[in-house]
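Visitor: Before we begin, could you show me the structure and then take me through the terms used to describe it?

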Amino acid sequence: MKIKQALVSFSLFLFLYHCTTTSAQSPAQAPSKNQAQPPSKHQAQTPAKAPSQPLAEPPSQVPLVQAPPHRAIAAPTNITKILDKAAGFSVFIRLLKSTQVIIQIENQLNVSNTLTIFAPTNGAFSSLKAGTLNSLSTEQKVQLVQYHVLPSFVALANFQTLSNPVRTQASNTYDFPLNIITEDKWVNISTGLVNTSISSTVYTDNQLAIYKVEKVLLPLGIFAPRPKPPAPAPTPLKNKTETSSSSSSSSSSSTLDSPVGAVEASNGLSLTRNGMVNIGVAGVAIIFLFGQSKFY
């Protein structure tokens with residue numbers, strides 16, 4: 001029994017001895033970084049810096065009050081683009097470009113002028129006699145295109161307010177007359193050689209109107225020129241002698257025509273006759289007296 005107690009005590013003693021020697025041999029744990037370290041000698045001499053102020057943020061590029069959007073500048077009206085988009089006007093587009101009338105028209109639109117254009121379709125040009133366009137001079141082609149342009153904007157409902165003949169951009173109304181007659185919703189156009197009507201509206205705004213026509217408007221001044229009206233003949237100048245003689249004769253005739261002049265003329269004739277009679281009587285008396293003196 002005593003031996004068992006001695007063995008237990010010895011075993012406990014060995015266990016405690018082993019634990020103490022193990023803890024004595026393990027290194028000491030390093031201090032953590034979070035623990036405050038004593039300031040060094042150099043740090044103690046340097047004064048502490050003041051905390052820096054936060055930097056200001058750069059200005060935002062977004063304004064506080066949004067400016068109203070800029071009004072877009074209206075682009076000039078592109079007539080050829082309008083006709084090309086509508087389709088079926090390639091011949092008329094080619095004429096507009098080759099004669100440079102398109103430049104004139106667009107310049108007028110850019111300065112706020114108003115225009116109305118009658119645009120013939122390709123079918124309208126194909127119905128012309130072969131070689132019609134090729135037989136025209138450059139000036140005549142320009143006049144032909146200008147004949148399809150009115151120098152003002154005319155809405156479809158306002159054609160009835162026009163006075164015939166309607167003036168176009170092709171010179172005067174004698175060589176290039178254009179008559180427009182409205183009938184209900186129809187607008188009929190007559191050139192003296194061609195009669196047609198507006199079939200549809202291609203484009204319209206407050207400045208420009210383009211209407212589709214199924215025939216080319218042929219003006220009289222190109223395809224059936226009329227003789228110019230004769231100018232009034234100038235009044236011939238009279239010579240002074242002719243003027244004086246005519247004035248004297250006219251005055252005498254007017255004098256005779258008047259009652260007073262007739263009386264004066266008759267008195268003059270009677271006086272002349274009386275004078276002749278008196279002279280005759282005096283002559284007979286002288287001859288009689290001369291004969292009596294010789295007799296005695």
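Guide: What covers the buried residues of α4 includes α3 (79–86), α5 (101–110), β1 (115–120), α6 (122–126) and α7 (138–146). This is a predicted model, in which local features need pLDDT of at least 70, side-chain atom pairs count only at pLDDT 80 or more, and totals for chains, interfaces and linings use all residues. Residues are numbered from 1 along each chain as its sequence is written, and side-chain values use heavy atoms, with hydrogens and water left out.

Visitor: Which residues of helix α4 are called buried?

Guide: Buried means under 20% relative accessible area, with exposed over 50% and partly exposed in between (1.4 Å probe, protein chains only). In α4, residues 90–98, the term applies to Val-91, Phe-92, Ile-93, Leu-95 and Leu-96.

Visitor: Why is α3 called roughly antiparallel to α4?

Guide: The two helices pack at an angle of about 165°, with axes 10 Å apart. Angles over 145 degrees count as roughly antiparallel (under 35 roughly parallel, 65 to 115 roughly perpendicular, the rest oblique), and therefore α3 is roughly antiparallel to α4.

Visitor: What makes the contact between α3 and α4?

Guide: Contact means heavy atoms within 4.5 Å, and it is made by Thr-80, Leu-83 and Asp-84 of α3 with Phe-92, Ile-93, Leu-96 and Lys-97 of α4.

Visitor: In what sense do strands β3 and β4 pair?

Guide: Two strands pair if DSSP finds at least two bridges between them; β3 (residues 179–183) and β4 (residues 186–190) have five bridges and pair in the antiparallel sense. Ile-180 stands opposite Ile-189 in β4.

Definitions and conventions. Helix = DSSP H or I, 4+ residues; strand = E, 2+ residues; numbered from the N terminus. Axes fitted to C-alpha atoms, helices over the stretch in contact; angles between N-to-C directions.
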